[in-house]
Amino acid sequence: MTNETPPTIYLADYQPWTHVVQSVHLAFRLSPTATRVTAQLHLAPNPNRPGRHDLRLDGENLVLIRAAINGHQVKATPDATGLTLPAASLPAGPFLLETEVQIAPEGNTALEGLYMSRGMYCTQCEAEGFRKITFYPDRPDVMAPFKVRIEGDYPVLLSNGNPVAQGPGWAEWDDPWPKPAYLFAVVAGNLVAHSGSFTTMSGRHVALNVWVRPGDENRCAYALDSLIRSMRWDETTYGREYDLDVFNIVAVDDFNMGAMENKGLNIFNARYVLASPETATDDDFGRIEAIIAHEYFHNWTGNRITCRDWFQLCLKEGLTVFRDQQFTGDMRSPAVKRIEDVLTLRARQFREDGGPLAHAVRPDSFIEINNFYTATVYEKGAEVIGMLKRLVGDAAYDRALTLYFDRHDGDAATIEDWLAVFEETTGRDLSQFKRWYTQAGTPRVTVDEHWDGAGRFTLTFKQHNFATPGQPHKDPKVLPLAVGLLNPNGDEVVPTTLLEMTQNKQSFTFDGLATKPVASILRGFSAPVVLDRSVSPEDRALLLAHDTDPFNKWEAGRALAKEVLARMVTDRAQPGPDWLDALARVAFDESLDPAFRALALRLPGEDDMAQTLHMAGHVPDPAVIHTARRQMAQALAGRLAQGLPGLIVSLAEPGPFTPDAVAAGRRALRLAALSLLSRVDDGARAATVFAQADNMTEEVGALTCLLDIGRGQAELASFHARWSDDRTVMDKWFALQIITSAPDDTARITDTLTRHPDFDWKTPNRFRSVIGALSGNHAGFHHASGDGYRLLADWLIRLDPLNPQTAARMSTAFEVWGRYDADRQAMIRGELQRILSTPGLSRDLGEMASRMRGD
Ligand code: PHE
Ligand code: ZN
């Protein structure tokens with residue numbers, strides 16, 4: 001790259017393409033260094049762009065072999081980003097453009113376009129990777145049916161759609177559904193399938209295959225089962241049926257993201273496919289189920305209805321995340337799923353929204369679109385849909401979705417289209433609600449409670465919408481606030497009521513109450529806001545014990561814990577009996593779901609605490625937070641000690657491992673108890689659990705308990721000896737040591753592990769397991785020496801020329817610099833500066849570093 005500033009793309013500049021693509025025929029002749037791609041594009045002028053226009057096609061790193069229009073060779077000279085054929089050289093009506101290019105998949109380390117992963121060919125085209133395969137209008141609003149022929153000496157040759165014909169060394173595929181280029185995919189290699197089938201609600205038989213490397217076929221059952229359940233769920237819940245004769249999933253080792261929803265040919269990061277009880281934890285099983293569902297659900301929300309342009313990314317991602325969250329809630333426990341989703345939202349999205357990378361759910365400009373696959377677009381995008389559903393009600397939501405699918409099937413749509421179906425089915429004006437899509441930042445809500453002594457209780461809310469980069473002024477948002485009221489004895493006197501807040505300050509009254517109630521506010525986390533509310537520890541304990549809303553029940557315990565931890569950090573206080581007793585009651589309450597109890601026992605994270613303290617006006621000291629949190633765990637362990645061994649024994653699962661939610665919840669509670677017990681028995685019990693474990697959840701769980709208390713070196717070695725040939729398990733081995741390391745050792749241990757022969761840094765999963773663990777260890781990463789910062793920057797600079805997308809994503813560890821003291825701020829800003837002055841820096845990492853620096 002040159003040093004020129006790359007251009008900014010604006011939503012306001014959108015124009016339809018000059019032409020339309022009526023159909024596409026691609027032929028691939030595979031070779032690691034010289035793959036030939038022939039493209040036949042049936043083009044016609046676009047009636048929505050009157051006049052005669054040049055034909056501009058995107059294309060990067062392509063060697064043009066030849067180009068012809070209607071069979072006549074044309075002279076064309078590509079530039080750095082594409083190819084222009086002047087209007088004068090084009091026929092007036094429809095025409096056939098044929099191009100042949102040469103590409104080198106073997107040298108493609110960015111993992112975008114056609115690349116190789118351990119001997120197999122695969123593609124990744126979202127967002128703008130198709131232009132690295134052939135010259136094409138690489139934009140989502142250009143949709144066309146594709147036919148593909150693949151030639152290559154590999155046993156398995158796959159593409160989108162239905163198989164048409166095949167022979168030794170070739171195969172042909174036909175995808176009848178018009179699609180944008182970003183959903184194109186090709187896979188070739190020596191693969192084996194774990195197969196099944198599905199009959200759709202209208203009787204279509206669909207062949208299902210999970211394609212993996214030979215030897216991995218016995219780790220596909222859970223992925224296939226998750227796929228079948230997803231297909232059934234989308235029929236019963238959304239009335240959406242699958243639309244091809246085959247559905248293929250391929251697992252690849254080298255992948256920048258989680259997975260990709262290519263039409264009929266989903267490509268997955270192998271870690272989100274492969275699972276067996278011995279190698280995958282309960283969390284892994286849960287993620288596999290959710291991601292399989294997510295990619296499958298894209299078939300309707302993303303593929304059949306796609307995005308007009310990349311600014312509308314949340315149209316497909318927010319909705320598809322929302323759908324996969326609903327699915328997991330239905331498959332497992334809605335309450336537990338909601339708590340987990342809010343934990344993620346706060347940890348990732350609130351953090352993003354509160355720093356220099358804050359952006360709207362629908363941004364209005366970008367430099368590199370790959371930098372906008374963010375927690376805001378995905379997770380907040382899903383929250384916005386949840387709010388919409390809460391506001392209009394379940395029945396109206398269903399009607400709106402039906403209209404959306406009917407009206408926009410086959411379209412490249414916008415957020416305006418999406419909101420219009422809700423407006424039309426409900427008669428509601430959503431213009432204010434739309435601010436959730438256009439204005440960045442997490443609203444902070446304060447509440448004032450007034451009891452008049454005569455039956456009337458008034459809640460007065462204020463919403464504060466602070467400035468974010470590029471958006472100094474904010475307007476009030478529509479906030480659905482779900483509220484319930486409890487009597488001081490714990491009985492619910494007012495069931496969940498949805499208050500609709502639209503102004504900056506607004507009061508709501510409840511009449512006819514016998515006594516002053518205890519309010520349960522923001523039930524189910526009904527809006528993605530920060531609720532600033534001072535509640536007495538007694539009332540928090542009451543809510544923890546009696547709230548009928550499971551989310552707020554958990555939230556009461558969490559708020560209590562954060563207050564305790566905050567006082568330990570700021571006042572060197574000790575955890576008091578309120579919190580310890582309340583938690584003891586939850587821990588041993590057998591009427592509660594074990595998964596819920598495990599969540600209640602999880603202490604607030606250090607990064608979360610740093611953010612909370614920062615928002616309360618303190619300058620967080622990572623080392624002090626770390627020490628206080630350990631003391632907190634120690635105090636809790638002391639309080640619960642007597643009951644822990646019994647709990648651990650009673651939660652042991654007899655019989656063979658099953659990955660279902662009930663068994664997983666029991667294991668989660670058992671391991672939470674084991675972690676606490678380790679702090680009082682010096683790891684004796686954890687060592688036994690490790691030695692006897694017959695599944696990865698307990699093996700890695702017990703090992704974590706040991707490492708957490710500074711033990712477990714022998715176990716770590718035996719774990720390595722046992723699993724050194726298994727990539728996904730070895731990723732855990734790397735990450736664990738760094739995550740559990742003491743802050744003074746984190747950078748050194750990370751550095752040592754980067755010299756380990758198995759640290760294959762060009763594989764994103766391994767890079768993330770080591771370098772991502774470094775930034776995931778809060779006190780270690782933010783160590784006063786600055787060693788953590790330096791090490792991260794070194795590795796980002798090293799990775800960037802090979803894989804800019806992954807380097808840019810991982811740079812977000814630096815987005816939090818504004819929270820900390822002047823020394824740390826200066827050190828982080830220094831590292832950002834060092835990154836920015838690196839010659840040849842990518843557009844991806846360049847955009848991120850300069851936004852983080854606040855340019
Ligand atoms: N569209 C993918 C998903 O959400 C994510 C992805 C984006 C994958 C870009 C690869 C590249 O499921
Ligand atoms: Zn998605």
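**Figure 1. Proline 577 in helix 11.** In this predicted model, proline 577 belongs to helix 11, which covers residues 577–587. With a relative accessibility of 57%, proline 577 counts as exposed, since the cut-off for that class is over 50%. If you are tracing the chain onward, look for leucine 636 as well: 59 residues separate it from proline 577 along the chain, and their C-alpha atoms are 10.0 Å apart.

**Figure 2. The bend in helix 4.** Helix 4 takes in residues 334–353 and has a kink of about 35 degrees. Arginine 346 is the residue to find here, as the kink is centred on it. The surroundings are worth a look too: 14 of the 20 residues of helix 4 are buried, so the rest of the structure largely encloses this helix.

**Figure 3. The fold of the protein chain.** Stepping back, you will find 27 helices and 30 strands in the protein chain. Its C-alpha trace spans about 85 × 65 × 60 Å along the principal axes. The radius of gyration is 28 Å, which agrees with the value near 29 Å for a compact globule of 855 residues. Among contacts with a separation of 6 or more, 70% come from residues 24 or more positions apart.

**Figure 4. Surface and charge.** Of the 855 residues in the protein chain, 60% count as buried. The chain exposes about 31,700 Å², and carbon and sulfur atoms supply 51% of that area. As for charge, there are 87 positive and 110 negative side chains, with the centres of the two sets 2 Å apart.

Definitions and conventions. Residues are numbered from 1 along each chain as its sequence is written. Chains are lettered from A and ligands numbered from 1 in the order in which they are written. This is a predicted model: local features need pLDDT of at least 70, side-chain atom pairs count only at pLDDT 80 or more; totals for chains, interfaces and linings use all residues. Side-chain values use heavy atoms; hydrogens and water are left out. Helices (H or I, at least four residues) and strands (E, at least two) are DSSP runs, numbered from the N terminus. The radius of gyration is taken over C-alpha atoms; the globule rule is 2.2 Å times the number of residues to the power 0.38. Buried means under 20% relative accessible area, exposed over 50%, partly exposed in between (1.4 Å probe, protein chains only). Contact means heavy atoms within 4.5 Å. Accessible areas come from the Shrake-Rupley method with a 1.4 Å probe; for residues, only the protein chains shown count as cover. Lys and Arg count as positive and Asp and Glu as negative; His and the chain ends are not counted. The place of a charge is taken as NZ of Lys, CZ of Arg, CG of Asp or CD of Glu. The bend at a residue is the angle between axes fitted to the seven residues ending there and the seven starting there.
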